[in-house]
Structure formats: structure tokens, C-alpha cells
Amino acid sequence: MYHFKDNKLTQFMLANPGLSITMAFLVSVSMLLLTGPNYKFAVVPALSLPFIFLIWKKPHIGFYAILFLTPFNEFTVLSETYRFLTIPKLIGVLTVVVLILHYILYRDHNYDFRSNLWKWLLIFWLVCLVSAMMSEYHFDSYNTLRRYITGFVFFLMALAFVSKKEFKYTLPALIVFSTSVSVLLSLFGYFTRSPLFLLSVRSEFSRITGGAGDPNEFAIMMAFALPIFAFIIHRKKARLKKFIIMLFFGLCMVAVINTYSRTGAVILLGTLILIAIQYIRFLRPKFFGFILMGVTVAIICIAVFVPDSYWDRQKTMTDRETDFSVGRRFSYLIVAYDNFKEHPILGTGPGTFRDVYGESKWTVKYAREDESPKRVAHNAYVEVLAGTGLIGLCFFMLMIITAIRNFYSAWKHSRQEGDPEMENLIIAYSIGFWVILSASLFLSINFHKYFWLSLGISQVCLRISPKKNNPNL
């Protein structure tokens, strides 16, 4: 007699109830779509089943898929009407649901979510919540709370999925690979004049945007990856692989220059100086002549091939009288200062600077027909201060300071243990964090994934550092 429970498919479904429920839900969604006007999309849930099965078996793939897609944010938007709905967010939701189901159904305690950052993260979010409840701009306030939760989730996934092996090999390789692909596509778009990768500013030049959709953000992502490139170049022994990584290192710098980003230029220069300080001690004296020759050639190439329009743009970095963009950025600081004087303790609500600026007198002077009068502060710290006041900024800075201390403690432990590879890698991640923190002075990137990744990495490197010397574990 045939027994239903003897069927292999049935046994698999009984052994994986969470996955079975998910599959049943997707089938229901497909049937619902078939009966409505959007029947063309009924196949989408079915096509997602293999990926869902993969995430169920290996949830960390979801985290690394999000990280890989970070340089291509502009191409992951599913709807222009609802731009917050993106492929990485869907992957993130799926990954978190899988984590929860694994914990409930299988009591899977293999993931370590502990961090000395949680207290500051949660207190900061509670301050944001109180400020949002008191705000006149409820929509933007509560939307900002949602965005912070998204950042917290990415931070949590970094804690859960980055083990010592991933920290040393998978994560650097993925950052280098995704950045290299993004650079190749952006340079291809530059030479083919593709509007997908270019932002036309004036007739004399166009700015590379890459997959980020914004030249400044794209430049920062390239600068964030450069210390990781340098680390891999130092670690690789094979000359061919070392040469290929060095080639992409150079292409990253070319891409940053072609963004025409003034912020990117400052951050790039600072990043290169920090990388040089880190690795100059490893150079043998006999190589100094070759290095000097290489630097000379690089300077000559920059002088010859970088267009005059690039240098003309850099010269206007502090000229607020003649440069529209610089003048408008100064007006952000004036509005933020006036707003702080009126709301010094809890601000006007998280993420509401754009509303405050949109109601200021400066919008008349700096308004453009093709842009909204509401503008972000182009400074992450000013955004926090305007939105949540001194209390919010205090806990936001405590969060950053704790992460910096984590990096320093982990570096010190690795140095004491005589592990130069781990020491160099921690410095590389630390320089990347410096890139984000420095760029936050010029851009409102509170929600950038590399910021939340760096927070998580600061805890991971502390976790995997030698425990006998580590009082934080």
C-alpha cells in the first residue's frame, strides 16, 4: 500500500516546514496574479523559487548578494514610483525571514549577534522615535525611522555572516570584484557616451555616475574599495594576479577623476596618503627608484590627460560667490544653524532638514526648475543635528567612536600576536571607514550600506582578534 509519508517530496517538506510555507505562499501569490490585471508577473514568484531555496540552505548568500549589488543601486530599483522598493531590500527581507525561521524551527544558534554597538544604536533610534513623534513633518520622520531600521538589519547581517574566513578572504574579494565590474561598466559608458552611466552638467564635460546614479556617491564607493585593493595587491604572490589588481586600482582612480567630484578628489587624495603610509614600510630600498619613476610618470599622465575642465571645477571648491553648487551648500549650513537655535535638544524630526530648507528663504535664490526646493544637508552630521538635536548627535557620535575603538583594539591585539596580515587588513577596513566618515562631511550618506557594513566589521574584527588579550569578549 502506498503511504503518503513515504514520498521523498513529502519527507522533505516535513523536514523543512519554513521553506514549505514559503513555497506555498509564492504559489498563492502566482495564482492571485493570474486572476488579476498583472497576470504577466505571475511567473516571477516561480522564477524566484531557486533563489529562495538557495537562501534557505545558505542564508549568508543573501547578505553577500546585497553587498555585491551596492555599487549598482541605481539599477536595482523596481519601480520609479516607489524607489524604496529595490532588489537588495527584497533579498534582505527574505534573508531576515530565513534567519528568524531557522532560529524558531531549528534552534540554530550558530550566529553571533552580540555587539558593544547595540546599546548606542538602540538609544539613538529611540531618540529618533521621540523626535519623530514631536515633529511637524511626520511622513519624512517616520520614513527615516524605517531607513534606520534597514541599516540596523544590514549591520545585524554583517555580525551574523562574517566569520574569520569571510573577513579575511570572501569580503575583500567581493568588494574588489563588485567595484571592478562597476568601474569597467562606468568607463565603457563614458567612452560610448551612454546616458545610463553619465550625468551631463555642461556642454564641456559629463560626469561618470556608475551604477550609483550619483557621481559623488560613486566616487566615494571607489575610494572605499581602494585600501582593500592595496591589501590584496600586497597579499598576492603571483605577479600576474598582482598586476591585474594594480590595473583595476589605477582604473578606480581614473573613474574617480571622471566623476568630476570635488568631494571625491579630496577623499581620494587622503586615501592614497593613508595607503602610502601603511605600506611604505614594506618597500625595500632597491624599489624606491622604480617607485619614484612610477610616481613621476603618474604625475605627467595626470597633467597631460586630465582635461582642463576638471581642474577648473576643483578650483571652485570654496568659491561660493560664483559657483552655484558651493553657494547652495553654504546656505545649507546657515539654515541648519538657524534650525539648531530654534530646536537644539531634539531637532525637528529625523530626516526633516530637507523640509526645513524647502521652507527657507534660500530656496528662492537657489531654486532650479527641474529640482525640488527640498534639499538634504549634504552633511550627515548636520542631518542628524538638525533632525534629532544635540541628544541625537551625541549618541550618533558615540556609535562612531565605539566602532573606531573596536578597530583600534583589534589592530592592537593583532599587532601583539604578530599577525601582520590581519593587522594590515584591519587597517584597510579602518581606512574604508575613514572614507565614509570623511565623506559624511560633504554628503548625507547616513544610510549607505558601506557605513553600516563598517560598523559591523568593527565588531567582527574585535570578535576574531585573540581572546586572551581582548577584554571586550
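Visitor: Leaving aside neighbours within four places in sequence, which residues are in contact with Ser 186?
Guide: This is a predicted model, in which local features need pLDDT of at least 70 and side-chain atom pairs count only at pLDDT 80 or more, while totals for chains, interfaces and linings use all residues. Residues are numbered from 1 along each chain as its sequence is written, and side-chain values use heavy atoms, with hydrogens and water left out. Ser 186 is part of helix α8, helices being DSSP runs (H or I, at least four residues) numbered from the N terminus. Its contacts (heavy atoms within 4.5 Å) beyond that sequence range are Phe 197, Ile 208, Gly 210, Phe 218 and Ala 255.

Visitor: Is Ser 186 buried or exposed?
Guide: A residue is called buried under 20% relative accessible area and exposed over 50%, with partly exposed in between (1.4 Å probe, protein chains only). Because the relative accessible area of Ser 186 is 0%, this residue is buried.

Visitor: Which helix gives the most to the largest nonpolar core?
Guide: A nonpolar core joins buried Ala, Val, Leu, Ile, Met, Phe, Trp, Tyr and Cys residues through side-chain atoms within 4.5 Å. The largest one has 95 residues, and those with the most contacts inside it include Phe 167, Leu 171 and Phe 451. With 15 residues, the greatest contribution to this core comes from helix α9.

Visitor: How many residues form the second, separate core?
Guide: Among its members are Ala 336, Tyr 357, Trp 362 and Tyr 366. The size of this second core is 12 residues.

Visitor: How many charged residues line the largest cavity?
Guide: A cavity is a set of points on a 1 Å grid over the protein atoms alone where a 1.4 Å probe fits but cannot get out, and lining residues have an atom within 4 Å of a point. The lining of the largest cavity includes Tyr 357, Trp 362 and Tyr 366, the three being also members of the second core. Counting Asp, Glu, Lys and Arg as charged, the number in this lining is 4.

Visitor: Which helix supplies the largest share of the lining of the second largest cavity?
Guide: This lining includes Leu 171, Phe 224 and Leu 453. Helices α8 (164–192) and α19 (449–463) each supply at least two of the lining residues. The largest share, 3 residues, belongs to α19.

Visitor: Which helices are included in what covers the buried residues of α6?
Guide: Helix α6 spans residues 118–134, and its buried residues include Trp 118, Leu 121 and Phe 124. Their cover includes α7 (138–161), α17 (380–417) and α19.

Terms used. On a 1 Å grid over the protein atoms alone, a cavity is a set of points where a 1.4 Å probe fits but cannot get out, and a pocket is an open set with protein on both sides within 12 Å along at least five of seven lines; lining residues have an atom within 4 Å of a point. The expected span of a helix is 1.5 Å times one less than its number of residues.
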